Amino acid sequence: ACVPDGGRERVCWKGLWRGVGPNVARATVTTAAQISSYDHSKHLMLEMGWFEEGPRLHFISSVVAGFSAATANNPVDVVKSRMQAEKVTAGIAPKHQNIPQVLGLVLRSEGLGG
């Protein structure tokens, strides 16, 4: 079901769901990396005797968690951005259709740095 958009274009409800898969993947990776690295780094720093329980320990653990989440998210963000930025034309299949396909396309055409 599509609705007119001020007479210029038609906006389809299906388009509202475009990019949901990559956003869910990003949220999953963020949460996994952030929570696990925060907890692990906090316990490691306590066991090593580098810090005592307190604001300083939590701050450093948060920095480690933020760095870990950003690093883990980078590949997912590349895929997400490519899928969401692609112009969709009626009757033509999009170049970027799903997460594994986009990841493979990027690796083949641009290598690991893509």
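**Helix packing in a predicted three-helix, two-strand model**

Ser37 is found in helix H1, and this residue is a handy place to begin a tour of the model, which is a predicted one. With a relative accessible area of 12%, Ser37 is buried, since the cut-off for that class is under 20%. Once the neighbours within four places in sequence are set aside, the contacts of Ser37 are with Val64, Ala65 and Ser68. A further link stays close in sequence: a polar atom of the Ser37 side chain lies 3.3 Å from the backbone oxygen of Gln34. The C-alpha atom of Ser37 is also 7.8 Å from that of Ser61, although 24 residues separate the two along the chain. Another pairing of this kind involves Gly66, whose C-alpha atom is 8.7 Å from that of Ser37, at a separation of 29 residues along the chain. Gly66 has its place in helix H2, and with 33% relative accessibility it counts as partly exposed.

It helps to set these residues in the overall layout. The protein contains three helices and two strands, and the order along the sequence is β-β-α-α-α. Of its 114 residues, 20% count as buried. Among contacts between residues at least 6 apart in sequence, 46% join residues at least 24 apart.

Two packed helices are described by the angle between their axes and the distance between the axes. For helix H1 (residues 20–48) and helix H2 (residues 55–85), the axes come within 7 Å and cross at roughly 160°. H1 and H2 are therefore roughly antiparallel to each other, because angles over 145 degrees fall in that class. The crossing in which H1 passes H2 is right-handed. Sorted by class, the residues of the contact of H1 with H2 comprise 15 nonpolar, 11 polar and four charged.

Several individual residues fill in the picture of these two helices. Thr30 is found in helix H1 and counts as buried, at 17% relative accessibility. Beyond its neighbours within four places in sequence, Thr30 is in contact with Ala69 and Asn73. Asn73, in turn, is found in helix H2. What is the relative accessibility of Asn73? The value is 4%, so Asn73 counts as buried. Not counting residues up to four places away in sequence, Asn73 touches Arg26, Val29 and Thr30, and the pairing with Thr30 thus appears in the contacts listed for Thr30 and for Asn73.

Leu57 offers another view of helix H2, in which it is found. This leucine is buried, with a relative accessible area of 0%. Leaving aside neighbours within four places in sequence, the contacts of Leu57 are with Lys42, Met45, Leu46, Phe51 and Glu52. For one of these partners, Leu46, the C-alpha to C-alpha distance from Leu57 is 8.2 Å, and the two residues are 11 apart in sequence.

The packing of H2 with helix H3 (residues 99–110) has its own geometry: the angle is about 105° and the axes are 10 Å apart. H2 and H3 are therefore roughly perpendicular to each other, because that class spans 65 to 115 degrees. On the H2 side, the contact is made by Val79, Arg82 and Met83, and on the H3 side by Ile99, Val102, Leu103, Val106 and Glu110. By class, the contact of H2 with H3 has six nonpolar residues, no polar ones and two charged.

Val78 also lies in helix H2. Is Val78 buried or partly exposed? At 22% relative accessibility, Val78 counts as partly exposed, because the buried class is limited to values under 20%. The C-alpha atom of Val78 is 9.2 Å from that of Val102, and the two residues are 24 apart along the chain. Val102 is itself among the H3 residues that make the contact with H2.

Taken together, the predicted model has H2 roughly antiparallel to H1 and roughly perpendicular to H3.

Technical notes. Residues numbered from 1 in each chain as written. Predicted model: local features only at pLDDT ≥ 70, side-chain atom pairs only at ≥ 80, totals over all residues. Heavy atoms only, no water. Axes fitted to C-alpha atoms, helices over the stretch in contact; angles between N-to-C directions. Helix = DSSP H or I, 4+ residues; strand = E, 2+ residues; numbered from the N terminus. Parallel < 35°, antiparallel > 145°, perpendicular 65-115°, else oblique. Left-handed = near helix turned anticlockwise from the far one by under 90°. Nonpolar A, V, L, I, M, F, W, Y, C, P; charged D, E, K, R; others polar. Buried < 20%, exposed > 50% of the residue type's maximum accessible area, 1.4 Å probe, protein only. Contact = heavy atoms within 4.5 Å. Polar contact = N/O pair within 3.5 Å; in protein donor to acceptor, adjacent residues only side chain to side chain.
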